[in-house]
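Here is a short report on a predicted model. Keep the structure open while reading.

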Amino acid sequence: MLPTFDKLSRMLTQEKRLGYKNKAVMGGLEKLAPNWSEEALQEASTENERRIIEEVVQDLGRYPDIDDPDRPTFIHQILVKLHKANQVGESDSSPAKNNTPSEEVASQPEPAEAKAKPQAKPTPRSAAPKRNSRSDAKPTSRSNGATSTSNRSQNSASDRDFTSTGLDSPVTKLPGIKDGMARKLANLGIVCIEDFLKHYPRRYDDYRALKPINQLQYNEDVTIIGQVWETRKRQTRNNRSMITSILTDGTATIEATWFNQPWLEKTFKPGLELVLSGRVEQYLGRLTFQSPEWEELDKDLVHTGRLVPVYPLTQGITSKWLRKQIRDAVNYWSRRLPDYLPDESRSRLEMLSLEEAVRQIHFPDDWETLEAARRRLAFDELLMIQLGVLRQRIEWRTQETQPIAIEPETVTRILETLPFSLTGAQKRTIDEIIADLQLSVPMSRLLQGDVGSGKTVVALVTMILAVLDGGQAAILAPTEILAEQHYKGMGQLLEPIGQVLGRSINIQLLTGSVTGAQRNEVLAQLAQGQIDILVGTHAIIQSNVAFKNLRLAIIDEQHRFGVEQRSALRDKGFNPHLLVMTATPIPRTLALTLYGDLDLSIIDEMPPGRQPIKTRWLTPQERERAYSFIRSQIEKGRQAFIICPLVEESEKTEAKSAIEEHDRLQKQVFPRLKLGLLHGRMKGADKEKVMKQFKDLKSHILVSTSVVEVGIDVPNASVMLVEGANRFGLAQLHQFRGRVGRGQHDSFCLLLADNVTPEVKERLQTVEGTTNGFELAEADLKMRGPGEFFGTRQSGLPDLKLVQLTDVKLLELARQEAQIIFKQDEKLEQPQHRLLARQVENFWNNKSDLS
């Protein structure tokens with residue numbers, strides 16, 4: 001604070017103590033104004049300080065004319081102006097503080113005693129609180145790229161010495177953070193200093209509304225500036241310590257209470273000026289604060305009087321302590337972060353600088369600047385992904401492959417041989433794939449289709465075309481059950497097609513269950529080119545599996561495979577054409593984000609004859625009702641699935657959960673029925689036996705884990721009961737639902753929640769309300785966010801922390817900018833792109849191979 005501002009604040013405080021009689025200085029405050037103005041203007045260094053000086057001078061001149069009842073509020077408003085000038089006006093040259101705060105953990109050990117300035121005990125005034133309407137502070141408009149003056153003052157105010165650390169230094173390099181605290185921080189994903197900068201707030205509390213105490217209203221979030229009148233300590237009935245302070249600002253008094261912080265009794269000495277932020281509560285008819293955030297008036301405001309960030313926490317770490325660590329890291333490192341976005345791009349896109357964006361996302365000046373910071377950092381996430389996928393696409397399309405020669409008449413004969421007619425969407429997709437296969441550039445295409453839309457037959461037709469031109473084809477499935485189903489279903493279709501074409505097509509299966517001599521025979525035939533189509537699981541990408549001429553590689557349910565598996569399959573041939581398929585509809589926003597290197601085909605039409613599935617969600621109290629409905633369906637000759645959720649691995653294994661539920665259902669619920677059991681840890685032969693018994697009507701109910709999510713086809717099954725439906729994503733529930741409705745019978749999906757919250761209710765009602773997979777995918781994305789929706793960690797893609805569903809325009813902007821940059825400098829070798837190239841590498845962390 002400017003010395004003259006501090007001097008006037010003391011005089012105004014004296015005026016409060018003297019009862020607002022205009023006797024704090026000889027001749028009254030109006031006589032002080034000219035001399036104070038001249039002295040203050042000499043010290044002022046910013047336009048903001050000069051503006052405030054002019055306003056305060058006018059206020060001082062008006063003071064004698066203010067009515068006595070209004071003088072407390074008037075003086076309070078002048079003090080607020082001086083305080084705000086302090087927050088906005090400090091220069092960067094302020095000396096850094098070297099004290100190291102003690103760790104504030106859950107137990108909150110006693111900090112060093114605060115040194116209050118010796119002051120006379122203030123006299124509380126008994127003005128009753130007025131019920132005026134709240135006057136919120138309006139956000140200040142800021143231009144893009146502007147430097148925040150309020151945050152600039154904090155750059156030099158860090159309590160941490162970072163000079164001997166780097167962004168990749170472990171947090172234990174910081175004073176006061178020992179191994180125990182580091183383990184707690186690791187639970188939040190904070191391992192190195194850079195992680196502090198990327199631990200973004202989950203929300204913000206708006207404590208900018210500064211009010212005098214006599215204008216406070218119940219249940220509003222507000223900030224006050226007051227002087228401690230007295231502080232008391234007592235024990236509650238449950239032996240908790242309770243600290244109560246009475247504060248006054250001259251307009252009225254208010255009581256504030258804190259629990260389990262006994263040292264505050266010594267800290268809050270009479271006369272100490274505090275800034276309090278929190279929600280105004282009520283107790284016995286009086287307005288109070290319960291555990292408000294607090295800071296001393298003459299210090300930087302981090303926890304009060306501003307938009308205060310609220311961070312994700314873990315046990316043993318308090319919000320105040322974590323906010324302080326992040327503030328220190330942001331103050332020091334934001335100025336030292338190299339801005340990898342080229343100046344030309346930043347200017348064209350009207351983006352904040354990286355320094356400003358990092359500071360404002362953590363400690364924003366106002367809502368408008370916060371959104372500008374989120375926009376910049378979300379854009380960076382999208383740009384890094386776009387640069388990665390476009391780089392992959394460019395590299396992939398610069399390679400050559402052998403085109404596949406295709407005769408239109410052959411395609412017609414194949415389609416006419418099928419025992420069913422294809423939908424228009426299937427035919428359109430086949431045409432798109434055929435166009436790719438005839439090029440010397442390897443195809444790289446994503447095929448999306450809802451459950452039961454007929455992706456498998458599209459894959460089969462394209463594999464036949466590759467085989468007819470002398471090549472081999474392979475399809476990789478995530479589970480043995482699905483691989484075996486593909487093998488049998490395709491084999492049945494291939495026999496009549498082979499007869500029409502005058503050439504038999506050899507299809508074989510390779511899974512973990514194929515062992516010994518049988519496996520060796522498959523490997524030998526594959527290497528010699530005797531096998532045309534290989535269907536399998538991860539077993540087909542093992543190092544000892546060799547193709548003679550792999551021309552087409554297909555990956556089914558691609559989201560189940562990591563980058564390494566997809567790359568391993570592609571490496572089995574000489575740049576083979578690649579088709580990846582998914583039955584999990586991905587919103588176009590996300591598809592463009594994550595698969596910008598792939599061309600997109602969508603089967604958005606269902607084959608005729610599919611039965612609509614009636615979906616209902618049930619509470620735990622309705623479980624018996626669900627069991628009764630299953631019995632009624634079985635009496636009509638139908639069958640049912642019951643899905644068990646994955647229990648926490650630390651408690652039980654997935655298999656054990658399914659085994660126990662199967663045992664309970666068989667003995668207690670359906671003792672007269674035959675129940676089968678299926679889970680992922682069973683041997684292939686055992687799974688096949690259970691599935692064959694279920695398909696052959698030898699069991700009535702199949703109890704299973706999520707292994708049935710994909711591909712299992714049992715036309716007689718009409719009921720799907722999902723236990724613990726609240727534990728699954730909307731897209732996964734839609735996959736479960738797709739296991740029924742494959743025959744001519746009415747089909748039903750029952751979603752049984754084991755925990756009903758408003759969020760769970762909303763999600764399950766969404767599944768109940770639509771059978772359109774793409775609509776569900778949009779809803780799932782909106783509810784869970786892109787990272788959780790896609791499971792980016794599992795798929796090998798970077799996390800998306802700040803991207804929102806509404807960022808469609810920002811996504812398009814990132815795509816356009818990535819194309820502009822690549823057009824200028826495809827390899828990012830020019831000087832202005834070197835930082836960007838390094839950031840792309842760091843962002844992807846060797847995970848840039850999306851196909």
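## Leu185 and the largest core

In this predicted model, Leu185 touches Val171, Ile177, Ile190, Phe196, Ile317, Trp321 and Leu322, leaving aside its neighbours within four places in sequence.

Leu185 also belongs to the largest nonpolar core, which has 62 residues. Leu185, Phe196 and Leu322 have the most contacts inside that core. Seven helices are named here for giving two or more residues to the core: H6 (179-186), H7 (193-197), H9 (319-333), H11 (354-362), H12 (367-397), H27 (808-824) and H28 (834-844). H12 provides the largest share, 13 residues.

Another core lies apart from this one. It holds 43 residues, including Ile414, Ile464, Met490 and Leu501.

## H13 against H16

Two packed helices are described by the angle and the distance between their axes. Helix H13 (residues 408-417) packs on helix H16 (residues 480-501) at an angle of about 140°, and the axes are 9 Å apart. H13 is therefore oblique to H16. Their crossing is right-handed.

Which residues meet? From H13 come Thr410, Arg413, Ile414 and Thr417. From H16 come Pro496, Ile497, Val500 and Leu501. By type, the residues of this contact are five nonpolar, two polar and one charged.

## Lys455

Lys455 sits in helix H15 (residues 455-468). Is Lys455 buried or exposed? Its relative accessibility is 8%, so Lys455 counts as buried; the cut-off is under 20%.

Leaving aside neighbours within four places in sequence, Lys455 is in contact with Leu447, Gln448, Gly449, Asp450, Met581, Thr582, Ala583 and Ile603.

Methods
Residues numbered from 1 in each chain as written. Predicted model: local features only at pLDDT ≥ 70, side-chain atom pairs only at ≥ 80, totals over all residues. Heavy atoms only, no water. Helix = DSSP H or I, 4+ residues; strand = E, 2+ residues; numbered from the N terminus. Buried < 20%, exposed > 50% of the residue type's maximum accessible area, 1.4 Å probe, protein only. Contact = heavy atoms within 4.5 Å. Axes fitted to C-alpha atoms, helices over the stretch in contact; angles between N-to-C directions. Parallel < 35°, antiparallel > 145°, perpendicular 65-115°, else oblique. Left-handed = near helix turned anticlockwise from the far one by under 90°. Nonpolar A, V, L, I, M, F, W, Y, C, P; charged D, E, K, R; others polar. Core = buried A, V, L, I, M, F, W, Y, C linked by side-chain atoms within 4.5 Å.
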